[in-house]
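I opened my notebook to look up a few things in this structure. Come along and check each entry against the picture.

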Amino acid sequence: MAIGYACITLGVYQTTLHRIMAKNVTEDKLREITKQNLEALEKMIDFNRENEISLFRISSDVIPFASHPLNAQRWWEEHQEQFHRIGDKIAASGMRVSMHPGQYTLLNSPHPEVVERGIEDLIYHERFLTALKTNRSSKLILHVGGIYGDKSTAIERFIYNYNRLSDPIKSRLVLENDERCYGIEEVYNLGKAVGAPVVFDVLHHHINPSQKERTVKEWIHLCSQTWGEKDGVPKIHYSQQQLGGRIGAHSQTIAIKEFLNFYTSLEGIPIDIMLEVKDKNLSAIKCSYVIQAHKILKKSLEKEWARYKYLVLSQSATIYQQMRQLMKRYPEDAVKTFYTLVEQAQVLPLDRGACQNAGLHIWGYFKNICTESEKKNFHIKLERFAEGKTKYESVKNYLWKMAEKYEQTYLLNAYYFINDKTQSQ
DNA sequence: CACCGTCAAGTCGCA
DNA sequence: TGCGACTTGACGGTG
């Protein structure tokens, strides 16, 4: 039973994936970005290991233009050493990694060239997971695709092209219900027909339910049976609706209460849960800690507190104090209370006073080591923010640059610096 | 340095 | 018939 997150690790230094635009592509730049992105991936894997996250979706963007004619490099050979090192870390920690080709990867398009590009993309993803020396429980998740005016023909085309795929690809492919075209019943039947396991996506199912009267738990149970022994623990996707967002938009964070209701309703069906949520690793750690609260060491929650504290302080000094006291007393239900307080802080509106206060606290790291002009610059920026003349981002950006310059590792891994305009308005 | 338009790909739905 | 949404934040050009 593992809980994981997808593609991006927030608030962890140098885990950004880099890109290049088609018009700027050169051999050297592709090579450089590939190397850099593999280094970033390694740092994400390190973070997951250090925080006991054993389920992770690797971004398709690690290799730029991976399945595009612009990139003819044999990256899996050129960067073999990096792949092996990352793969060893994954294996050593018992982490399960997956990949999820995007919305442009289609097996059932009526346009042959679209299908061929789709197959190329699957070859890329399979090659990536194999370069990491993962076994076939490392999955490639795929949607069925479009309807093109005639669903049954579209499904036939899917089956036809699925059967053209190589065995290594087929042994990794898993099908997922989507929010528009193919509901779980159709995907389940299709999975049965081609012999592919099925991932049940809770939010997609909610938006695009199948006709047949079955409960979520029954569907999850049925889908579990499509997973063979070598496919690993059956997996589902879980996300929550962003309030006020487009239907199907993923929420900023996973609300613990709602998650626990869902989790309890499963009554211990053995599954892995991939969270699809904007705050990524933050929710993955939160959810996995909350469902096994009694097993969580104080040390682990202290690590979380270290990452959250300035973010909380910038939202509310009161909640910050409550959490400080909580960590001091550390009562029986500390884990759940901790995240409940974090959630309370997250929904508060922007409070310039609290932001200013947090800025000053962080400035404490620099006030005795900085130059006069840095000191002056900071106070000007903070002042301008307090007067409502600039965004908090400009203060944060400045503090970030200072943290980098003076190598304040503690700050470089603080959630305070996560760029997210929606989080603090 | 701050700001903002653009981005490799396919399909669907709407004007 | 053509364009925006989907999703997303980094890139990269401009002032």
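**Entry 1: DNA strand B**

I found a polar side-chain atom of Ser109 at 2.7 Å from a phosphate oxygen of DNA strand B. That fits my rule for a polar contact, a pair of N or O atoms within 3.5 Å. I noted that the model is a predicted one: local features need pLDDT of at least 70, side-chain atom pairs count only at pLDDT 80 or more, and totals for chains, interfaces and linings use all residues. Residues are numbered from 1 along each chain as its sequence is written, chains are lettered from A and ligands numbered from 1 in the order in which they are written, and side-chain values use heavy atoms, with hydrogens and water left out.

Arg117 also has a polar side-chain atom by a phosphate oxygen of this strand, at 2.5 Å. For Ile147 I had to look at the backbone: a polar atom there is 2.6 Å from a phosphate oxygen of DNA strand B.

How many residues surround DNA strand B? I counted 16, and the closest are Ala22, Ser109, Arg117, Ile147 and Arg180. Here a residue is near a strand if one of its heavy atoms lies within 4 Å of it. Sugar and phosphate make up 60% of the strand B atoms that come within 4 Å of the protein.

**Entry 2: DNA strand C**

Around DNA strand C I listed Thr16, Leu17, His18, Arg19, Met21, Asn24, Gln103 and Arg246. Sugar and phosphate account for 80% of the strand C atoms within 4 Å of the protein.

Which part of DNA strand C does the side chain of Arg19 meet? An N or O atom of that side chain is 2.8 Å from a base nitrogen. Gln103 has a polar side-chain atom 3.1 Å from a base oxygen of the strand. The side chain of Asn24, in turn, has an N or O atom 2.8 Å from a phosphate oxygen.

**Entry 3: Helix H7**

Next I looked at H7, residues 184-194; helices (H or I, at least four residues) and strands (E, at least two) are DSSP runs, numbered from the N terminus. I wrote down its buried residues (under 20% relative accessible area, 1.4 Å probe, protein chains only): Ile184, Glu185, Val187, Tyr188, Leu190, Gly191 and Val194. Their cover includes helix H5 (151-162), strand S5 (173-176), S6, helix H8 (202-207) and H9. After H7 comes Gly195, with a positive phi near 80 degrees.

Notes
Buried means under 20% relative accessible area, exposed over 50%, partly exposed in between (1.4 Å probe, protein chains only). Contact means heavy atoms within 4.5 Å. A polar contact is a pair of N or O atoms within 3.5 Å; within protein, one must be able to donate a hydrogen and the other to accept it, and residues adjacent in sequence count only if both atoms are side-chain atoms.
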